[in-house]
Amino acid sequence: MTRKAFILIGVFWLALVGALVGFKEYTLKTGQDVLLRTVPVDPRDLFRGDYVILRYEISSLDLEQLESDFGSDQIMEIWGYRHVYVTLEVEDNLARATGVFVEKPEGLFIKGSAFPEFNPDRDGPTVLTIQYGIESFFVPEGAGKAIEQERQEGMDVRVSIDRFGNAVIRSLVLDGREIAVEDL
Amino acid sequence: MDDRLIRKWAREELVSQEQADRMLADLREFRRESRSGKFVTAVSTVGAVLLGISAILFIASNWQELSSTVKMALLIGATAAAYASGYYLKYEFRDLPRIGGALLFLGALLFGATVMLTAQIYHINANEHTLVLIWFIGILPLVFAVRTYPTAILGAVLLVLWIGLFATSRSRFWGIDNLPYWYVVSGLALFGIGGLLYLREGLEKVARAWRLVALKVAMFSLFLLTFRWLVEHGRTAFMDSGYELACVLSIAVLAILAIGLDSLVRKDETTRLESYTGIGIAAFMMLFLLYPLPDVAYVIVFNLLFTALTLLFFYAGYSRGDIRIVNMGVFWLAAFLIARYFDWFWSLMDRALFFLVGGVILVVGGIVLEKQRRHIKSSFAQ
């Protein structure tokens, strides 16, 4: 390995880590903060190692109850590999979904990957499960139980959303009180 | 070179006794030096792996006594220290090249740990495939710059891991059923790319490491496809996802092109046989995914294919004088026989008879395989 290669690889590593940090910091610094309400999930699915699985009210959306630029007959075409944009309406800091679009909409929206949910009672799927990349909250070793107890009483997550729809978790919120990881 | 060959030359007076003694002494010294060097490499690489695991576990514990900034600074500092000291020991001072290589490998591990720490700080989703991709892309230039087995294997393992995470993140039912298909064609593509790397002087270690990882991945996946339930479930899920099907078929095309190109340039008979087999399997995978024959027909073909491949391992290992390839054949043949024994005979026999016959088959099979392996090993030594 030449000295030039040594330096270039070192700079490349710094650039990759820097880009990862920069990408997330951009969202945190420029994004709009909103609260997202979490919903209870089966406790057995709550932990995987040392992180908590978060599921939000906006993680499961029924196309028949929301504004959309595609019909339920096109739902299979967006399966997992096309981004969808969920428009949000904020009331008392708490964000709720108003529509799901494949074309980038105006206003506040969050970007995610959509998967259709199959319901045997209906002809085809009309409900989308959407992942926004904010479904894991990492906790110190052994702190998961405390979060589980807090979550039983209802918990929100403060996220920052930038103008491209990327979201980053800032903190957990319980009764308007921010919970720092150190408090758990 | 074998001692017996030198003694034979001395007996036939092709070399004098004095020359033969000198050659034998040099050979002994060379072997001792080589053994000692390999031992140093093995010990220092294991040390690097332990340090890397320790860093990753430290991150996983998410210890709150240190702030994220301090943890990040510590990890970046450790990565830079391992990477720079490795470079200087191996390439600038050149007095401890093996330790230097192990430290560069540690640098590659710590770079990955830094990526994972960043992901933890920003709560990026668990099992996110892009993190492994970033790690792989980051160390890829290092793989080709240092050209050592540990970094080459790390690169191949990360690529394989990324493919698995990517596949499971995109498909229905988390794609577990489909993984064998992804991995058969990915293994073949990696095998082909490894073959092409052999053509570039100095990249032999990277090529061999990638080919060995590719063989293990492809054989394990093909082994899974000898089970009927996996063939049925996986194929159904694939048919529902045009995107996924397109991805796997593209990798199969890449495999055919890479292996085909390799076989055109390299002339020896065993390589050609390997290449034709690889191209055949990739083409068969495309046929399997595109044309719906009854699943049972494909299961039979997968079983025949797997048996033929284990025999090809014996042939290739024997032709090349490579005991590792022969051992791989022995391992997969044994695994295959055990699996089929449980599949076919469980419901037909009384359990006592089942274990009796099974025990006899395994013991006799073990004796035959061991004898065959020893025969091949001793023929290599001669």
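What follows is a short dialogue on reading this predicted model of two chains, A and B.

Q: Before we start, how are things numbered, and what kind of model is it?
A: Residues count from 1 along each chain as its sequence is written, and chains are lettered from A in the order in which they are written. It's a predicted model, where local features need pLDDT of at least 70 and side-chain atom pairs count only at pLDDT 80 or more, while totals for chains, interfaces and linings use all residues; side-chain values use heavy atoms, without hydrogens or water.

Q: How many helices and strands does chain B have?
A: Helices (H or I, at least four residues) and strands (E, at least two) are DSSP runs, numbered from the N terminus. Chain B has 14 helices and 0 strands, and its C-alpha trace spans about 70 × 65 × 50 Å along the principal axes.

Q: And what pattern does chain A follow?
A: Chain A has 2 helices and 12 strands. Along the sequence it reads α-β-β-β-β-β-β-β-β-β-α-β-β-β.

Q: How much of each chain is buried?
A: Buried means under 20% relative accessible area, exposed means over 50%, and partly exposed is in between (1.4 Å probe, protein chains only). In chain B, 48% of the 382 residues are buried; in chain A, 48% of the 184 residues are.

Q: What about the surface that carbon and sulfur atoms supply?
A: Accessible areas come from the Shrake-Rupley method with a 1.4 Å probe, and for residues only the protein chains shown count as cover. Chain B exposes about 19400 Å², with 68% from carbon and sulfur. For chain A the figures are about 9500 Å² and 49%.

Q: Which residues touch the most other members of the largest nonpolar core?
A: In soluble globular proteins, nonpolar side chains tend to be buried together. A nonpolar core here is a set of buried Ala, Val, Leu, Ile, Met, Phe, Trp, Tyr and Cys residues joined through side-chain atoms within 4.5 Å. The largest has 108 residues, and A:Met1, B:Ile139, B:Leu142, B:Trp210, B:Met285 and B:Phe302 touch the most other members. Helix H8 (residues 204-224) of chain B gives the most to this core, with 12 residues. There's also a second, separate core of 36 residues, including A:Ile110 and A:Phe137.

Q: What is B:Leu142 in contact with?
A: Contact means heavy atoms within 4.5 Å. Leaving aside neighbours within four places in sequence, B:Leu142 is in contact with residues of chain A, A:Met1, A:Ile9 and A:Trp13, and with residues of chain B, including B:Tyr83 and B:Leu104.

Q: How do I check the span of helix H11 of chain B?
A: Take 1.5 Å times one less than the number of residues. With 22 residues (269-290), H11 of chain B should span 32 Å, and its end C-alpha atoms are 32 Å apart, so the two agree. Buried residues in H11(B) include B:Gly278, B:Phe284 and B:Met285.

Q: Where should I look for a positive phi outside glycine?
A: Most residues other than glycine have a negative phi. A:Asn93 has a positive phi of about 75 degrees, in the loop between strand S5 (83-91) and strand S6 (94-101) of chain A. B:Glu13 has one of about 60 degrees, in the loop between helix H1 (3-11) and helix H2 (17-61) of chain B.

Q: Are those two residues buried, partly exposed or exposed?
A: A:Asn93 is partly exposed, because its relative accessibility is 38%. B:Glu13 reaches 71%, so it counts as exposed.
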